Amino acid sequence: MSDKKIIAVVGATGAQGGGLVRAILADKTGPFTARAITRNTSSDKAKALAAMGVEVVAGDADDEGSIAKAFQGAYGAFCVTAFWEHFSPEREIAQATAMAKAAKAAGVQHAIWSTLEDSRRFIPLSDDRMPTLHGKWKVPHFDAKGVADQAFRDAGVPTTFLLTSFYWDNLIYFGMGPRKSEDGSWGFVLPMGDRKLPGIAVEDIGRSAYGIFKAGKEFIGKTVGIAGEHLSGAEMAAQLSTALGKDVRHQAVPPAVYRTFGFPGADDLGNMFQFNHDFADDFQRARSVEVSRRLNPSMQTFSEWLAQNKQKIPLE
Ligand SMILES: NC(=O)c1ccc[n+]([C@@H]2O[C@H](COP(=O)([O-])OP(=O)(O)OC[C@H]3O[C@@H](n4cnc5c(N)ncnc54)[C@H](OP(=O)(O)O)[C@@H]3O)[C@@H](O)[C@H]2O)c1
């Protein structure tokens, strides 16, 4: 039997958790083995993980008992929620709380909670610079994750709070790539004015989480922010122009305009960009590129990510 320590990975069939599973697999002589947790062990993605030799077990964050079972015998647990599946901050907090309690019940020695700031610590509900959403949130998908930090503390699980950054992969999968303008140029919408936004290749989130597990006790109880680079919209547009061979121009639409775009979650994302913009110094300071590189020496820059991924960016 293997003497490797098990890292149970929620979201193993997804972007963040998948990156962690691949990082564990890539380090063949490393101390850890991955256990993938999924709601559906017979999905194509789950089967692909099993085919790579990964242990795949059933677990659903809406059902604490199933997660506690899936965490049984694990040294570590990577916990992530999928806000954009349901758009409910309350459900996200309930899922995170279930994972925290399950980690405690299973005796997990090191959990990583993939979190974000509760923006209301910076901009209280009474501050009308941005609208309050659903009566109690400013940036629902940030605020809920920040609230859920306390669930891990309350459960008494040794936890690292991992502050993630804007995925550059949003340009491929989240409809945030350049759009053709009437004058033949390509508009890259990023409501950040001239401020820099910490960004990351999503694969590097999992690799960074792996670095945190490998570091042992060093990051337990700490909040660690990660980013590949901090770039302005103009800098990203310039790099997109070079990589894509197109005239890509930054469109710094105001967050108030972005909120009216009408797609599901546009108000949440408009507030997010305004928060990232108005508190850019705090937001960047919490995500040191230098610390991130120490955790993950292969951390990609935007141009390195573009070199690998530019063909996947839809141009329409
Ligand atoms: N896009 C960005 O720029 C960005 C930046 C920072 C943070 N985030 C946050 O990242 C999170 C999403 O992470 P991701 O991109 O890695 O997700 P993803 O690629 O969309 O995958 C979602 C994963 O979550 C799992 N999952 C969903 N509901 C579950 C449940 N009830 N129980 C157990 N597993 C469940 C899914 O597994 P199965 O389907 O196999 O069960 C899947 O593996 C969101 O909360 C978002 O706010 C996004």
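**Note on the predicted model and its ligand site**

1. Ser114 counts as buried, its relative accessibility being 2%, and buried here means under 20%. The structure under review is a predicted model. Ser114 belongs to strand S5, which covers residues 110-115. Its side chain forms a polar contact of 2.7 Å with the side chain of Gln16. Beyond four places in sequence, Ser114 touches Gln16, Phe78, Cys79, Val80, Lys145, Leu162 and Thr164.

2. Two of these partners of Ser114, Gln16 and Lys145, recur at the ligand. A total of 29 residues surround the ligand, and the closest are Thr13, Gln16, Thr38, Thr81 and Lys145. Gln16 thus appears in two settings: its side chain meets that of Ser114, while one of its polar backbone atoms is 2.7 Å from an oxygen atom of the ligand.

3. Other backbone atoms also approach oxygen atoms of the ligand. For Arg39, a backbone N or O atom lies at 2.8 Å from a ligand oxygen. For Gly11, the distance between a polar backbone atom and an oxygen atom of the ligand is 3.4 Å. The ligand taken alone exposes 940 Å², and the protein buries 84% of that area.

4. Which elements give two or more residues to the shell around the ligand? They are helix H1 (15-26), helix H4 (83-86), helix H5 (89-105), helix H6 (140-155) and strand S7 (166-167). H4 gives the most, with 3 residues. By class, the shell holds 11 nonpolar, 12 polar and 6 charged residues.

5. The loop between H4 and H5 contains Phe87. This residue has a positive phi of about 60 degrees, although it is not a glycine. Phe87 counts as partly exposed, since its relative accessibility is 35% and that class lies between 20% and 50%.

6. A second non-glycine residue with positive phi is His134, at about 50 degrees. His134 sits in the loop between S5 and H6. Is His134 buried or exposed? It counts as exposed, because its relative accessibility is 64% and the cut-off for that class is over 50%. The backbone angles of Phe87 and His134 may be inspected together.

7. Ser185 is placed in the loop between strand S8 (179-180) and strand S9 (186-189). Despite this loop position, Ser185 is buried, with a relative accessible area of 5%. The side chains of Ser185 and Asp183 make a polar contact of 2.7 Å. With neighbours up to four places away in sequence left aside, Ser185 is in contact with Arg179, Lys180, Asp247 and Arg249.

8. On the overall fold, the chain has 14 helices and 13 strands. Its radius of gyration is 19 Å, which agrees with the value near 20 Å for a compact globule of 316 residues. The C-alpha trace spans about 65 × 45 × 35 Å along its principal axes.

9. Buried residues account for 55% of the 316 residues in the chain. Of the contacts between residues at least 6 apart in sequence, 77% join residues at least 24 apart. The accessible surface of the chain comes to about 13700 Å², and carbon and sulfur atoms contribute 52% of it.

Methods
Residues are numbered from 1 along each chain as its sequence is written. This is a predicted model: local features need pLDDT of at least 70, side-chain atom pairs count only at pLDDT 80 or more; totals for chains, interfaces and linings use all residues. Side-chain values use heavy atoms; hydrogens and water are left out. A residue is near a molecule or strand if one of its heavy atoms lies within 4 Å of it. A polar contact is a pair of N or O atoms within 3.5 Å; within protein, one must be able to donate a hydrogen and the other to accept it, and residues adjacent in sequence count only if both atoms are side-chain atoms. Accessible areas come from the Shrake-Rupley method with a 1.4 Å probe; for residues, only the protein chains shown count as cover. Helices (H or I, at least four residues) and strands (E, at least two) are DSSP runs, numbered from the N terminus. Ala, Val, Leu, Ile, Met, Phe, Trp, Tyr, Cys and Pro count as nonpolar, Asp, Glu, Lys and Arg as charged, and the others, Gly among them, as polar. The radius of gyration is taken over C-alpha atoms; the globule rule is 2.2 Å times the number of residues to the power 0.38. Buried means under 20% relative accessible area, exposed over 50%, partly exposed in between (1.4 Å probe, protein chains only). Contact means heavy atoms within 4.5 Å.
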